[in-house]
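Trainee: Please choose one part of this protein and look at it closely with me, and then lead me outward from there to the rest. I would like one connected explanation, with the reasons spelled out where there are any.

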Amino acid sequence: MLRSKKNIILQGAPGVGKTFVAKRLAYSMMGAKDRDRVMMVQFHQSYSYEDFIEGFRPSASGFDLIKGSFYTFCKKAQDDTDNDYFFIVDEINRGNLSKIFGELFMLIENDKRGPNNKLQLLYSRERFYVPSNVYLIGMMNTADRSLAMLDYALRRRFAFFDLRPGFDSKGFIAYRDSLGNPKLNNLLACTVKLNAAISDDDTLGDGFCIGHSYFCGMKAADVTDAKLSAIVEYELAPMLREYWFDEPSKVREWTDALRKSIK
């Protein structure tokens, strides 16, 4: 999908491994773990065209024209057309995308790449293009109610891929079994049931399910009662309070179920 579209957004609930997958997707496509050909930025409400492409910044002598992250990355890719380059944007839906991309909204399209589709940049007046060996990977949290939906102009330029919790994947099952902790297994089983309830809830749905990465990165010695309790009390329970802020009885029901699973 990324090969043909050039731009993709990995979307999913917290903890489904969007960042992990984005980097591994890039390394897989380039056939090597070359960090020099991968760049990651995170959008936020203050991120702007000046940060992304170019803009004037204060200096000791006044204002200097400073090139942004995507501009410099594209120039680097233009000088190395034999290799693929991957620009990863975390929290892509947190920024003002029309403001950030500016005239590059058109240039990132898969059929508008290359020197035959140059556009003049806002500040430098340079005629600029996005090379065909640059791929954009965005990441989007589907469980954040505070974020506006993406506009149709952006959706047309990106393919979208849903990432779901991987509790039943071969890799996670092998990881779980290697830890050999019955209490962790009970907590995971309870979390799977909780995800089913979240999916069936008309006010939530699949995009709010709890991801597997909350339980990753542990060794057998790390899986203590205190560690499991901390996951429940300080990571999962607060999320449930946010999800069901208007249904405290449901929060209590599932928080108690999670607590009992590790007793």
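Mentor: Let us start at Phe63, which counts as exposed because its relative accessibility is 59%, and the cut-off for that word is a value over 50%. Before we go further, please keep in mind that what you see is a predicted model. Phe63 belongs to strand S4, which runs through residues 62–67, and together with Phe56 and Leu65 it makes a nonpolar patch of about 310 Å² on the surface.

From this exposed residue we can turn to helix H4, where the picture is one of burial. Helix H4 covers residues 69–78, and since 7 of its 10 residues are buried, the helix is largely enclosed by the rest of the structure. If you want to find these buried residues in the view, look for Ser69, Phe70, Tyr71, Phe73, Cys74, Ala77 and Gln78. Lys75 has a relative accessible area of 27%, and so it is described as partly exposed, because that term is used for values between the 20% limit for buried and the 50% limit for exposed.

Lys75 also brings us to the charged pairs. Side chains of opposite charge can pair when their charged atoms come close. The structure holds 17 salt bridges, and one of them joins Lys75 to Glu126, with the closest N and O atoms 2.9 Å apart. Because Glu126 sits in the loop between strand S6 (119–120) and strand S7 (127–128), while Lys75 sits in helix H4, this pair ties together parts that are 51 residues apart in sequence.

Two other salt bridges are worth setting beside this one. Arg94 pairs with Glu91, the closest N and O atoms being 3.2 Å apart; here Arg94 is partly exposed at 31% relative accessibility, whereas Glu91 is buried, with a relative accessible area of 16%. Asp177 pairs with Arg176, and the closest N and O atoms of that pair are 3.2 Å apart. Asp177 is partly exposed, with a relative accessible area of 48%, and Arg176 is partly exposed as well, with a value of 26%. Salt bridges can also share partners, and in this way Glu54, Lys67, Lys75 and Glu126 are joined into one network, so the Lys75 that we met in helix H4 takes part in that network too.

Charge appears on the surface in another form, as a patch of positive charge where Lys23, Arg24, Lys33 and Arg35 gather. Within this group, Arg35 is placed in the loop between helix H2 (18–30) and strand S2 (38–42), and it counts as exposed because its relative accessibility is 55%.

Let us end with two residues from other parts of the chain, one exposed and one buried. Gly180, in the loop between helix H8 (170–179) and helix H9 (182–200), is exposed, with a relative accessible area of 55%. Counted along the sequence, Gly180 and Asp80 are 100 residues apart, and in space they are 48 Å apart from C-alpha to C-alpha. Thr255, by contrast, has a relative accessible area of 5% and is therefore buried; its place is in helix H11, residues 248–261, and, leaving aside neighbours within four places in sequence, Thr255 is in contact with Ala237 and Leu240.

Notes
Residues numbered from 1 in each chain as written. Predicted model: local features only at pLDDT ≥ 70, side-chain atom pairs only at ≥ 80, totals over all residues. Heavy atoms only, no water. Patch = residues over 30% accessible without salt bridge, like charges linked within 9 Å, V, L, I, M, F, W, Y side chains within 5 Å. Areas by Shrake-Rupley, 256 points an atom, 1.4 Å probe, with all protein chains shown as cover. Salt bridge = Lys/Arg side-chain N within 4 Å of Asp/Glu carboxyl O. Lys, Arg positive; Asp, Glu negative; His and termini not counted. Charge placed at Lys NZ, Arg CZ, Asp CG, Glu CD. Helix = DSSP H or I, 4+ residues; strand = E, 2+ residues; numbered from the N terminus. Buried < 20%, exposed > 50% of the residue type's maximum accessible area, 1.4 Å probe, protein only. Contact = heavy atoms within 4.5 Å.
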